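Me: I'm new to reading protein models and I'd like a close look at one part of this one. Could you pick out a helix residue and walk me through what surrounds it, then show how that fits into the whole?

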Amino acid sequence: MIYLVILIAVLVAATYFVMSQEVFGAESKGKRLEKILNSKNFKNKQFQNQSFTPQLAEGFSMPKVMFGFLFGKKDPLLKPLQAIPAIHTDLNKISDDEDVFIWMGHSSYFIKIDGVSFLIDPVLSTFGSPFKFFNKAFEGSDLFKPQDIPNIDYLVITHDHYDHLDFPTVKAIREKVGKAIMPLGVGAHLERWGYSEDQIVEEDWDTTVDLKNNFKITFTPARHFSGRKFQRNTTLWTSYVLETPTKKIFLGGDSGYDTHFKTIGEKYGPFDFAIMENGQYNPAWKYIHALPEDVIQASLDIQAKNIIPVHSGKFALALHPWNEPLQKVTALGKEKNLQILTPKIGEKLDLNNTSYHFQNWWE
């Protein structure tokens with residue numbers, strides 16, 4: 001009996017030690033917690049989606065899903081057979097008169113418009129998890145490193161999952177960041193990592209924040225979840241509407257399909273560009289990660305002129321072939337006469353262009 005007690009004590013101590021590491025962030029306290037508790041989107045001790053969102057879709061169970069992940073036959077193209085093609089664009093040399101979008105793999109991208117720079121969900125370490133040995137990036141997809149990031153006006157975070165809020169990257173670029181924009185609760189993580197209260201812009205859905213040079217950003221709903229530890233949904237997840245003097249851009253963030261896309265389109269659309277999460281999906285969790293056909297419908301709902309699919313090309317977080325998201329969304333988009341833009345990692349996308357031609361580099 002004494003040995004069992006000792007074993008349990010050791011396991012508890014080890015768990016506490018691991019979970020206290022910086023990578024796991026921090027819990028909200030004080031004024032931040034008070035703001036969360038007063039949010040209309042926070043009920044029953046956690047943030048809620050606008051529609052009921054079960055963890056798994058009908059007909060699926062957690063044991064069945066876990067068995068498939070652990071013991072099911074893996075697709076031979078779950079990961080690419082050769083290095084991902086990429087271009088190492090020097091972000092420091094992008095002039096203020098260039099309006100560009102540069103994808104960095106998965107959901108990380110850089111935008112510069114009218115001289116104002118944005119870095120969204122940068123995951124520039126070689127893994128998309130709290131541990132270096134798990135969820136490693138595909139060869140070639142980790143071309144950009146934190147040291148490649150220039151001084152930026154705004155760091156933008158959609159939610160606190162590890163494949164969107166990367167501790168090594170966000171901590172490494174802290175001194176290069178003017179302001180950091182994020183949904184409620186996520187600021188606690190960044191403050192633990194050295195960001196000052198003055199750097200952090202942390203708001204709820206339906207809040208509009210004025211930025212420099214007549215830019216503004218609005219926090220809009222998404223259908224997802226959050227969490228870096230065992231407890232889920234104590235921080236909010238979000239999409240954004242970015243409005244500049246010349247352009248309107250939708251930053252999708254992780255989301256399952258729902259009516260919020262149509263609402264956003266009616267209120268803020270049409271959009272010049274929509275960066276849509278397309279990848280790491282599965283019918284079992286379609287309510288929190290849109291399937292390709294849902295991405296197309298969501299793009300129609302928000303009235304997007306140009307669609308840039310992200311959330312693929314770097315990590316295998318689902319069981320589909322690594323290149324299936326791009327194959328499907330481009331084919332489905334063509335059927336609907338939509339303009340799907342698919343630059344390589346690091347390839348410049350000129351936001352002032354009216355005619356785009358990109359290679360099917362994933363074939």
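Reply: Let's start with a word you'll need: a helix here is a DSSP run of H or I that is at least four residues long, and helices are numbered from the N terminus. With that in hand, look at helix α6, which covers residues 260-268 and holds Ile264. Keep in mind that this is a predicted model.

Is Ile264 buried or exposed? Its relative accessible area is 3%, and buried means under 20%, so Ile264 counts as buried.

So who are its neighbours? Skipping residues up to four places away in sequence, Ile264 touches Thr220, Pro221, Ser239, Val241, Phe250, Gly269 and Phe271. You can also check a spacing: Gln303 is 39 residues from Ile264 along the sequence, yet their C-alpha atoms are 9.1 Å apart in space.

One of those neighbours, Val241, leads us to the nonpolar cores. The largest nonpolar core has 64 residues, and the members that touch the most others are Phe101, Ile111, Phe118, Leu155 and Leu190. Apart from that one lies another core, of 18 residues, and Val241 belongs to it, along with others including Phe261, Tyr268 and Ala304.

Back in the largest core, take Phe101 for a moment. Leaving out neighbours within four places in sequence, its contacts include Tyr109, Phe110, Ile111, Ile275, Ile308, Val310 and Leu351. Glu347 and Lys348 are also in contact with Phe101.

For a second helix residue to set beside Ile264, try Thr169 in helix α4, residues 167-172. Thr169 is buried too, with a relative accessibility of 0%. Beyond four places in sequence, Thr169 touches Pro122, Val123, Leu124, Ser125 and Pro146.

Now zoom out. The protein has 8 helices and 16 strands. Its radius of gyration is 20 Å, close to the 21 Å that the globule rule gives for 363 residues, so the protein is as compact as a globular protein of that length. Along its principal axes, the C-alpha trace spans about 75 × 50 × 40 Å.

Being buried, as Ile264 is, can be set against the whole count: 55% of the 363 residues are buried. And for contacts between residues at least 6 apart in sequence, 70% join residues at least 24 apart.

Last, the outside and the charges. The accessible surface comes to about 16,800 Å², with 54% of it belonging to carbon and sulfur atoms. There are 39 positive and 42 negative side chains, and the centres of those two sets lie 4 Å apart.

Definitions and conventions. Residues numbered from 1 in each chain as written. Predicted model: local features only at pLDDT ≥ 70, side-chain atom pairs only at ≥ 80, totals over all residues. Heavy atoms only, no water. Helix = DSSP H or I, 4+ residues; strand = E, 2+ residues; numbered from the N terminus. Rg over C-alpha atoms; globule rule 2.2 N^0.38 Å. Buried < 20%, exposed > 50% of the residue type's maximum accessible area, 1.4 Å probe, protein only. Contact = heavy atoms within 4.5 Å. Areas by Shrake-Rupley, 256 points an atom, 1.4 Å probe, with all protein chains shown as cover. Lys, Arg positive; Asp, Glu negative; His and termini not counted. Charge placed at Lys NZ, Arg CZ, Asp CG, Glu CD. Core = buried A, V, L, I, M, F, W, Y, C linked by side-chain atoms within 4.5 Å.
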